[in-house]
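Open the model in your viewer and keep the sequence panel in reach. The stops below each give a selection and then what is found there.

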Amino acid sequence: MHRRFFASTCLVLAATLSLGAHPVKAEVKLPNLISDHMVLQAGQPVAIWGRADAGEKVTVRLAGQTLRTKATADGRWKVMLKPLKPSAAPLNMTAAGKDNRLTVSDILIGEVWLASGQSNMEKPFRNQPGQKDVLNAETELAAANAPQIRLFKVKKARSTTPAADVEGQWVITTPETLDASRFSAVAYVFGKRLHTTLNTPVGLIDSTWGGTRIEPWTAPESMAAVPTLKRYADVKPGQKVDGSDVSGLYNGMISPLVPFGLKGVIWYQGESNLMTAGEFPGGAADYTDKMEALIGGWRRVFGQDLAFYYVQLAPHLYHVVRPAQVVSPEALPQLWAAQTAALRIPHTGMVVTTDLVDDLSDIHPRDKVTVGQRLANLALSKTYGQKGLAINGPKFRDLRIENDKALIRFDDMGGGLVARDAKPLTWFQISGADGVWWPATATIAADTVIASNPNVRQPVAVRFAWDEGARPNLMNKEGLPALPFRSPRP
């Protein structure tokens, strides 16, 4: 035993002396996100960054640009490329220091989007444990030969402090890589539509984690900027507030992506906040404010006014399937209202999904292709200026009472109001001053819906699709469903 210990000690000492005699070379390093096959954002200044020894001089060359900088005292360095033109022709970039030169190959210049949220954004086309495959998964995968769409799947990681890097690599889209990487189906469909419509390379970053609340995804400083969220500010690393860790996923899966150039974000999350609404303060009541903190924080750290498009939760029988977590069928409509209210945040848009659910007991609806296409239409219209796209369904504008009838007007009617199945309108309810809700007979009259019930002689309020299982049939002629709503009571 003693001889083995002595021999091991000698080996360690010899290795130490050897390192002292031949110092390890200082090397320039790049984060995993800046690597072969990446897509850089076109049309705006783009950051390239990394690490080196303090004071190390670093030279970056790409597309005719040569930039030089010096690593700071903590070993960080960054250069800003001037705006690049879209390019499907592969480019190479070098980053060189005194002792090494790194080459990043097969770089495209195009549009870069970050996809984040919980399981409905995370869901791949197939083989997700405990979930059914996406509708038409095999067809979508078989057609995924798209060399100008590049995918970066961020490995799941929590951290109590901002992490230095994420794990992951860029891959060229093929049926095999899309399937093997378990990449977000929503994000891929979104990127595919951008690519085919804009005819430009697209880079997609999938940073998702099923079952997560919004608080862990939020930058800590941005909580302090929203008055109702002060309880989440200035918490110790790893400390929980209202049963949730604060910023743990932001630190591990978002912060290390900064300052990579992005065009915008797509987001699908909220189920976990809904399912804790009865256990902890807040729930739907402050979800709008949490959206404001999340979006504001990400825009601040990335240094740009990122477009932010998100998905309203789909109908699901929460209080039936999960009665211990959700006690009322109105909890989901309340969160719908909070998500709709978040449209007050500039440069945002929301996809409604009340028409995309075939099984109310399944919290993971299978039609992810339509979700991705609707998100893409928001981006194509609001971010890229494409004309003639239908991006919103009818949204409640105001209510007028005439005798025993409620007259409801809408914005975003498109070509007009219709019933999807050509049947009487569903999921309208009407109430008088007593607050009792009655099913309403509702009909379309030009740009107005007229609702009534013989038991309500003097209506004062109307609500629509105000139930977790609501799959109403009111839409515009472009096929987009009306947003659930509850009119203000006088």
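Two residues are in contact when heavy atoms of theirs lie within 4.5 Å. By that rule, among contacts in the protein chain between residues at least 6 apart in sequence, 73% join residues at least 24 apart. Keep in mind throughout that this is a predicted model.

**Whole chain**

Start with everything shown as a cartoon. The protein chain has twelve helices and 25 strands. Its C-alpha trace spans about 95 × 55 × 40 Å along the principal axes. Colour by accessibility next: of the 490 residues in the protein chain, 53% are buried.

**The largest nonpolar core**

Select L40, I205 and F260. The largest nonpolar core has 116 residues, and these three touch the most other members. Now add strand β7, residues 101-117, which supplies the largest share of this core, eight residues.

Centre on L40 and show its surroundings. Leaving out residues up to four places away in sequence, L40 touches V46, I48, L62, L81, L84, I107, L108, I109, G110, V112 and F260.

For contrast, select F410, L417, I430 and A470. They are among the 22 residues of a second, separate core.

**Strand β2 and its partner**

Select residues 46-51, which are strand β2. Is this strand mostly covered or mostly open? Five of its six residues are buried, so β2 is mostly covered. Extend the selection to residues 76-81, strand β5: six bridges join β5 to β2, and the two run antiparallel. To check the register, pick R51 in the first strand and find R76, its bridge partner in β5.

**P90 on strand β6**

Select residues 87-96, strand β6, and pick out P90 within it. P90 counts as exposed because its relative accessibility is 57%, and the cut-off is over 50%. What does P90 touch, apart from residues up to four places away in sequence? The contacts are D106, I107 and L108. Draw a distance from P90 to L108: their C-alpha atoms are separated by 5.5 Å, although the two residues are 18 apart along the chain.

**Aromatic rings**

Show the side chains of Phe, Tyr and Trp. The structure holds 16 aromatic pairs. Go first to F308 and Y310, a tilted pair with 6.5 Å centre to centre and 50° between the planes. F308 counts as buried because its relative accessibility is 2%, and Y310 is buried too, with a relative accessible area of 0%.

Then move to F428 and F464. Their ring centres are 4.6 Å apart and their planes stand at 40°, so this pair is tilted. F428 belongs to strand β19 (residues 428-431) and F464 to strand β23 (residues 461-464); the pair links distant parts of the chain, 36 residues apart. Both rings belong to buried residues: F428 has a relative accessible area of 3% and F464 has 0%.

Add W217, W267 and W298 to F308 and Y310, and you have one aromatic cluster. For a ring with a charge over it, select R158 and W209: the charged end of R158 sits over the ring of W209, 4.9 Å from its centre.

**The sheet β20-β19-β23-β25**

Stay with β19 and β23 and show the strands beside them. Four strands form an open sheet in the order β20-β19-β23-β25, with antiparallel pairing. Its edge strands, β20 (437-439) and β25 (485-486), each pair on one side only. Three bridges pair β19 with β20 in the antiparallel sense. Select Q429 and look across to P439, its bridge partner in β20.

**The sheet β16-β17-β22-β21**

For the last stop, which strands lie at the edges of this sheet? The sheet is open, made of four strands in the order β16-β17-β22-β21, and its pairing is antiparallel. At the edges are β16 (395-402) and β21 (441-445), each paired on one side only. The twist averages 25° from one strand to the next.

Zoom in on β16 and on β17, residues 405-411: these two run antiparallel and are joined by seven bridges. Finish by selecting R400, which stands opposite L407 in β17.

Terms used:
Residues numbered from 1 in each chain as written. Predicted model: local features only at pLDDT ≥ 70, side-chain atom pairs only at ≥ 80, totals over all residues. Heavy atoms only, no water. Pairing = 2+ DSSP bridges. Axes fitted to C-alpha atoms, helices over the stretch in contact; angles between N-to-C directions. Phe/Tyr/Trp six-rings, centres within 6.5 Å; stacked < 30°, edge-to-face > 60°. Buried < 20%, exposed > 50% of the residue type's maximum accessible area, 1.4 Å probe, protein only. Lys NZ or Arg CZ within 6 Å of the ring centre and 35° of its normal. Core = buried A, V, L, I, M, F, W, Y, C linked by side-chain atoms within 4.5 Å.
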